[in-house]
Amino acid sequence: MRYARRDAVLREMGLAPVWRLRAGGEDGAAEAIDVMPESAPVAAGPDRGNAQASLPAPPLPTEPVPEMRSARAAIPVRDLIPRPSGAASPAAASERRDDGDPARAGRIARMDWDELENDIRACGACRLCEKRRQAVPGVGDRRAEWMFVGEGPGSEEDQRGEPFVGAAGKLLDAMLAAIGLKRGENVYIANAVKCRPPHNRTPQADEIATCHPYLARQIELVRPRVLIALGRPAALALLDAEISIGASRGRVFHRGDTPVVVTYHPAYLLRNQADKAKAWEDLCFARRLMREFAERA
Ligand code: URA
């Protein structure tokens, strides 16, 4: 009974009966889990997971997913930096990354929400504007403590003008629900690039850099307590560094004062079902960071 709601959520995420929290694991955050991956078919699609086609389930791992490393359960709280207070400096956004047009970056860094969204919609700064139906600025609570950053719009997002509304978005919603969050409620969702890359290809580094002033301004306006990078392109956009997700899990990066947690992109998880358990660990890890911070604030 106690776990009924969580089980329902995990089932929605395609995980039940994959995960069972151990006794005392109601918090979920630093709990070891027993994993018995299920063999439900996975929705698969192109890079950003918008296609609805089904693929056969991937082979099941023979070993259970290992317990969360104890190091992960012991992140020193000094690594948690409080949410910046007061007005964010417009200059800071453009300092980190020069998209080759500092004047443009400086202009974007001073925009309010309306100006920013209008500018994104009218943007012609890189080749991605040529094939898009519409640009996709971002969605959610503009004062959110949690900000999730994906890669770029897929076909459905391009059509509807909202991030993560296709198959990957459904999984993202389930991932949010699994840690007690909901799109639009204390959650803001944006992408590294605001226009759909043709054929859902991965955005190129120069496209991410050109779009970066927009993401930087969104982050400055939202001032989240934690940033979650969904996949490598998002990590590149947030951290200005090429990282491996597998090697970076369980670590706290920082973008200025804001902690950044990296995890797998939902579209990747649709194709690699066994890694959903790791993504849940990562989200629980981020949630624990938030709780530890809140307890000490
Ligand atoms: N994948 C992304 O990275 N972003 C979206 O908005 C949709 C799918």
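# Reading a sheet, a ligand site and an arginine

Tutor: Let's begin with one strand pair: β9 runs antiparallel to β10 (residues 258-263), and the two are joined over 3 bridges. Keep in mind that this is a predicted model.

Student: What holds strands together in a sheet, as a general idea?

Tutor: Backbone hydrogen bonds do the pairing, and the strands can be parallel or antiparallel. For a case here, follow H254 across to β10: its bridge partner there is P259.

Student: What is the strand order in the sheet of 6 strands?

Tutor: Going across, read β5-β7-β6-β8-β10-β9; the sheet is open and its pairing is mixed. At the edges sit β5 (138-140) and β9 (253-255), each with pairing on one side only. Ignoring direction, neighbouring strands in this sheet are turned by 25° against each other on average.

Student: Which strands does helix α6 touch?

Tutor: Helix α6 (residues 167-178) packs on the sheet and touches β6 (146-150), β7 (187-191) and β8 (226-230). Compare directions too: α6 makes about 150° with β7.

Student: On to the ligand. How many residues surround it, and which are the closest?

Tutor: There are 10 around the ligand, with E151, G152, F164, N191 and H265 the closest. By class, that shell splits into 3 nonpolar, 4 polar and 3 charged residues.

Student: Which atoms of E151, G152 and H265 should I look at?

Tutor: For E151, look at the backbone: one of its polar atoms is 2.7 Å from a ligand oxygen. G152 also uses a backbone N or O atom, 3.0 Å from a nitrogen of the ligand. With H265, turn to the side chain, where an N or O atom is 2.7 Å from an oxygen of the ligand. As for burial, the ligand alone exposes 240 Å², and the protein buries 100% of that.

Student: Last one: where does R183 lie?

Tutor: R183 is in the loop between α6 and β7. Try looking beyond the local sequence: G140 is 43 residues away along the chain, yet its C-alpha atom is 6.4 Å from that of R183. Setting aside neighbours within four places in sequence, the contacts of R183 include V139, D173, L176 and I189.

Student: Which polar partners does the side chain of R183 have at E162 and F164?

Tutor: At E162 the partner is the side chain, in a polar contact of 3.1 Å. At F164 it's the backbone oxygen, 2.4 Å from a polar atom of the R183 side chain. Notice that F164 also turned up among the closest residues to the ligand.

Terms used: Residues are numbered from 1 along each chain as its sequence is written. This is a predicted model: local features need pLDDT of at least 70, side-chain atom pairs count only at pLDDT 80 or more; totals for chains, interfaces and linings use all residues. Side-chain values use heavy atoms; hydrogens and water are left out. Two strands pair if DSSP finds at least two bridges between them. Helices (H or I, at least four residues) and strands (E, at least two) are DSSP runs, numbered from the N terminus. Axes are lines fitted to C-alpha atoms, for helices over the stretch in contact, and angles run from 0 to 180 degrees between N-to-C directions. Contact means heavy atoms within 4.5 Å. A residue is near a molecule or strand if one of its heavy atoms lies within 4 Å of it. A polar contact is a pair of N or O atoms within 3.5 Å; within protein, one must be able to donate a hydrogen and the other to accept it, and residues adjacent in sequence count only if both atoms are side-chain atoms. Accessible areas come from the Shrake-Rupley method with a 1.4 Å probe; for residues, only the protein chains shown count as cover. Ala, Val, Leu, Ile, Met, Phe, Trp, Tyr, Cys and Pro count as nonpolar, Asp, Glu, Lys and Arg as charged, and the others, Gly among them, as polar.
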